[in-house]
Amino acid sequence: MRLATFLVGTERRVGVVDAAGGALRDVSALLPPGTGVTELIEDWARRGGELAAGLAGAPVLRLNEVRLAAPIPVPRRNILCVGKNYLEHAGEFNRSGFDASAQEDRPAHPIIFTKAPSTVVGPYDPVELHPTVTGAVDYEVELAVLIGTGGRAIAAEDAYAHVWGYTIVNDVTARDLQRDHRQWFLGKSLDTHCPMGPFAVTADEVTVDELEVSCRVNGELRQKAAVRDLIFDIPTLIATLSAGMTLQPGDVIATGTPAGVGIGFDPPRFLSDGDVVEMSISGLGSLRNEFREDIR
């Protein structure tokens, strides 16, 4: 199943998407008031069946007639992120002069950081460049894992039983802040710096090892890689994160970006006013965001 969060005025509603047909069914009336995608994920064992049973009677809308928000517009907690998780990207980052972490092309352990919930915007929303704060805004296409069943000390062999599904994120990064502050939180957490979506797709619709991620800037292909090339795979990431920290339903784990980001060029190719970044993952859809100096 593919879930979407869409807006009617300022009201957020939940839809079930038929992506092939370009349609969406508004299932908000089938859910308790205030239920969003996070709450659905949390109670999926019960609510998922109810949605499937009532889907035929839900109103149908055309996808191109609604405004999509991020499937999880306001995560309950920081987005959990993984750095330097593709070998070629780890190398380009090390050589860039912007990496203030240990200079290793293959980290011995997953590099974990977080992004603030206020970074999240929709799949087609504008993204702010924050020109008074940074002059080095970069893009990173990433597969994001959505936790369904929470838990602590999850074994790698059991990890996929805790995955509800997947979505796409752009881990937008202010490289100068990332470098200067050494710990990455500030450089990763400027407002609007995590476009997400377009849908939240249940795990049963996805074969993870067959997924490919790609990114284009103004139509130019910059990033393309297979998810199976992650240094630390999804079970390893879940086992690492949950070793002493309880994962919760609705947690978002961004798994890392491949080579081809702006700092990988000489000189670096950072984003400018009017640049359009398009990101796709096979089977999950695409993001398309324009970067602007001022989005007010």
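**Exercise 1. Strand E1 and its partners**

Which residue is the bridge partner of Leu3 in E14? Then place strand E1 among its partner strands.

*Solution.*
This is a predicted model, in which local features need pLDDT of at least 70 and side-chain atom pairs count only at pLDDT 80 or more, while totals for chains, interfaces and linings use all residues. Residues are numbered from 1 along each chain as its sequence is written, and side-chain values use heavy atoms, with hydrogens and water left out.

Step 1. The bridge partner of Leu3 in E14 is Ala200. Strands (E, at least two residues) and helices (H or I, at least four) are DSSP runs, numbered from the N terminus.

Step 2. E1 and E14 run antiparallel and are joined by two bridges. Two strands pair if DSSP finds at least two bridges between them.

Step 3. Turn to E2 (residues 11–18). E1 pairs with E2 in the antiparallel sense over six bridges. Here Thr5 stands opposite Val14. The hairpin of E1 and E2 has two residues between the strands, and Gly9 takes a positive phi near 65 degrees in it.

Step 4. Add E5 (residues 67–69). Its pairing with E1 is antiparallel, over three bridges. Thr5 stands opposite Ala69 in E5.

Step 5. Check the cover. Six of the seven residues of E1 (residues 2–8) are buried. Buried means under 20% relative accessible area, exposed over 50%, and partly exposed in between (1.4 Å probe, protein chains only).

**Exercise 2. The nonpolar core**

Which residues have the most contacts inside the largest nonpolar core? List what Leu3 is in contact with.

*Solution.*
Step 1. Define the core. A nonpolar core is a set of buried Ala, Val, Leu, Ile, Met, Phe, Trp, Tyr and Cys residues joined through side-chain atoms within 4.5 Å.

Step 2. The largest one has 80 residues, and Leu3, Tyr166 and Ile238 have the most contacts inside it. E11 gives the largest share of this core, six residues.

Step 3. Take Leu3. Contact means heavy atoms within 4.5 Å. Leaving aside neighbours within four places in sequence, Leu3 is in contact with Gly15, Val16, Val37, Leu40, Trp44, Leu51, Trp164, Phe199 and Ala200.

Step 4. Recall the general trend. In soluble globular proteins, nonpolar side chains tend to be buried together.

**Exercise 3. The buried side of helix H6**

Which residues of helix H6 are buried? Find the strands that they pack against.

*Solution.*
Step 1. In H6 (residues 234–242), the buried residues are Ile234, Pro235, Leu237, Ile238, Leu241 and Ser242. They cover an arc of only 160 degrees around the axis, so they are on the same side of H6. The arc is that of the directions from the helix axis to the C-beta atoms.

Step 2. Set this beside the helix rule. An α-helix has 3.6 residues a turn, so residues three or four places apart point the same way.

Step 3. The buried residues of H6 pack against strands E6 (79–83), E7 (111–115), E11 (141–147), E12 (163–170) and E17 (252–254).

**Exercise 4. An open sheet**

In what order do the five strands of the open sheet stand? Name its edges.

*Solution.*
Step 1. The order is E9-E19-E18-E15-E16, with mixed pairing.

Step 2. E9 (127–128) and E16 (220–226) stand at the edges. Each has a single partner strand, so one side of each is left without a neighbour in the sheet.

Step 3. E15 (residues 212–217) pairs with E16 in the antiparallel sense over six bridges. The bridge partner of Cys215 in E16 is Gln223.

**Exercise 5. Backbone details and Asp125**

Which residue does a cis peptide bond join to Pro267? Go on to Pro198, to two residues with positive phi, and to Asp125.

*Solution.*
Step 1. The cis bond joins Asp266 to Pro267, with omega about 5 degrees. Pro267 lies in the loop between E17 and E18 (276–281).

Step 2. The peptide bond from Gly197 to Pro198 is also cis, with omega near 0 degrees. Pro198 lies in E14 (residues 194–202).

Step 3. Lys84 has phi near 50 degrees. This residue is buried, at 2% relative accessible area, in the loop between E6 and H3 (87–96).

Step 4. His130 has phi near 55 degrees. It counts as buried at 11% relative accessibility.

Step 5. Asp125 is in the loop between E8 (120–121) and E9. Its side chain reaches the backbone nitrogen of Gly122 at 2.8 Å. Asp125 also touches Arg67, Asn289 and Glu290, not counting residues up to four places away in sequence.

Notes. A polar contact is a pair of N or O atoms within 3.5 Å; within protein, one must be able to donate a hydrogen and the other to accept it, and residues adjacent in sequence count only if both atoms are side-chain atoms.
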